[in-house]
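Colleague: Got a minute to walk me through this model? I'd like to start with how the helices pack.

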Amino acid sequence: MSVHDMEVAGTRARLTTARSQGLVACHRCGRVHAAGTGRCTRCGGAIESRDAASLQRVWAWLLAGIVVYIPANVYPMLRTATLLDRDESTIVGGVIDLFQHGSYAVAAIVFIASVVIPIGKFLAIAYLALGIRRTVVMNAHQRHRLFEVVEFIGRWSMIDVFVVAILSALVQLGSVAIINPGIAAVSFALSVAFTMLSAQSLDPRLIWDADEEPV
Amino acid sequence: MSDVATGMQDTAEVTAAGRALIACPQCDTLYFEPEIREEQTASCLRCGRVLAAPRTNAYLRTLSLSLTAVILMIGAVFFPFIELEAAGLRNRTSVLDAILAFSSGLMLPLSLAVALLIVLIPLTRLAAIVYTIYPLARRRRPFAHAATAFRLAEGLRPWSMAEIFIFGVSVALVKVAGLASVSFGPAFWAFAGLVVVMVLQDNSMCRYTIWKSLEQERA
């Protein structure tokens with residue numbers, strides 16, 4: 001696959017942004033408009049040079065995501081009733097069960113998807129949001145990379161919700177074994193959705209703005 | 001930076017030299033619109049985001065892959081995808097059953113979410129993409145509101161989670177393996193195929209080309 005070199009609209013030495021040229025770019029299709037245009041003429045979506053309410057929405061969704069993540073860990077995710085006993089397991093409890101049964105790989109997948117990724121995401125989004133107003137350790141390139149990773153990986157947390165859905169549908173064997181979903185499944189699904197919305201609310205152009213030298 | 005600034009205010013997207021501009025949607029870096037050939041890829045010099053990647057026969061490829069995906073989806077939803085047997089009891093589950101498993105009480109919102117994420121949103125996206133691309137492939141005028149449909153398809157992209165569901169199935173299998181003997185049904189393979197087809201379909205689309213031709217054909 002050959003690579004086409006983009007032709008920079010600024011000088012060769014320094015890239016220039018649409019905003020510094022008094023233009024507004026569409027964040028969906030890339031079309032450039034005169035400053036003050038409110039709607040993209042190519043794709044018809046609303047446009048703004050920088051999303052002014054971006055940070056507010058990021059923090060609001062992030063907070064909501066963290067709040068519902070608490071009951072997701074405290075309450076049971078799965079309720080199992082077999083011939084001999086009943087069992088309620090939380091997210092972490094389920095991971096421990098899998099580990100004790102010797103399914104290390106699957107235990108690791110569930111642990112990463114339901115604990116490491118959500119908590120990592122909370123921290124990463126907070127770090128990115130803070131980095132827009134303040135000077136932080138990572139430069140714009142690294143923070144943009146982090147943003148891409150967060151956007152890509154966040155959806156995968158939903159895996160545990162699907163596992164619960166499949167198990168509850170599958171294991172309905174009368175008195176032998178029955179699996180039902182617990183309330184934590186709902187709050188966990190909400191937590192994943194809220195943090196996805198939080199990441200989507202972050203306008204990545206803000207990450208690069210601080211990087212730019214004053215014009 | 002003043003190379004392009006002169007006299008641009010009134011003509012907006014066209015430079016003094018008469019060349020159209022495009023900005024990177026992720027980092028706002030300004031470029032001249034690429035004169036790009038098929039099978040080439042243009043990415044942003046600053047953040048690396050792919051700006052344009054036209055492919056030969058892209059519209060036809062996208063269309064056929066979308067239709068393939070719809071057919072596979074129908075099979076994946078209605079056929080059983082897992083069979084379970086324990087102590088003489090047998091249970092076959094289709095994706096539809098997995099969705100309906102939550103259809104009572106507090107769990108209703110969850111069952112709606114699962115239905116949306118693995119069936120309804122992927123289907124909506126496929127329909128919107130076919131609606132957008134079909135006239136373009138035949139070199140006709142786009143259907144009414146094609147831009148809105150394609151915006152919808154792009155907006156729903158992160159919420160289409162069929163590929164995550166497949167991994168969920170594998171984890172669920174390991175969890176019940178000790179409890180009963182399980183086997184894959186035809187829908188599992190349909191679903192696995194669907195995931196591959198949807199990745200191919202996604203890669204065959206060049207957003208830049210589609211937006212450009214929507215704009216040109218409309219004018």
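Colleague: How do helix 3 and helix 6 of chain A cross?

Modeller: Their axes come within 11 Å and cross at roughly 25 degrees. Helix 3 of chain A covers residues 104-133, and helix 6 of chain A covers residues 183-201. So helix 3 of chain A is roughly parallel to helix 6 of chain A (angles under 35 degrees count as that).

Colleague: Is this predicted, and how is it numbered?

Modeller: It is a predicted model: local features need pLDDT of at least 70, side-chain atom pairs count only at pLDDT 80 or more, and totals for chains, interfaces and linings use all residues. Residues are numbered from 1 along each chain as its sequence is written, with chains lettered from A and ligands numbered from 1 in the order in which they are written.

Colleague: Which residues of helix 3 of chain A meet helix 6 of chain A?

Modeller: Pro118(A), Lys121(A), Phe122(A) and Ile125(A) do. Their partners are Ser191(A), Thr195(A), Ser198(A) and Ala199(A). Contact needs C-beta atoms, placed from the backbone, within 7 Å.

Colleague: And at what angle does helix 4 of chain A pack on helix 3 of chain A?

Modeller: At about 145 degrees, with the axes 10 Å apart. Helix 3 of chain A brings residues including Ile117(A) and Leu128(A). Helix 4 of chain A brings Phe147(A) and Val150(A), among others.

Colleague: New topic. How many residues does each chain put into the contact between chain B and chain A?

Modeller: Chain B gives 70 residues and chain A gives 66. On the side of chain B, the largest share, 10 residues, comes from helix 5 (residues 162-177) of chain B.

Key
Axes are lines fitted to C-alpha atoms, for helices over the stretch in contact, and angles run from 0 to 180 degrees between N-to-C directions. Helices (H or I, at least four residues) and strands (E, at least two) are DSSP runs, numbered from the N terminus. Angles under 35 degrees count as roughly parallel, over 145 as roughly antiparallel, 65 to 115 as roughly perpendicular and the rest as oblique. Two residues are in contact if their C-beta atoms, placed from the backbone, lie within 7 Å.
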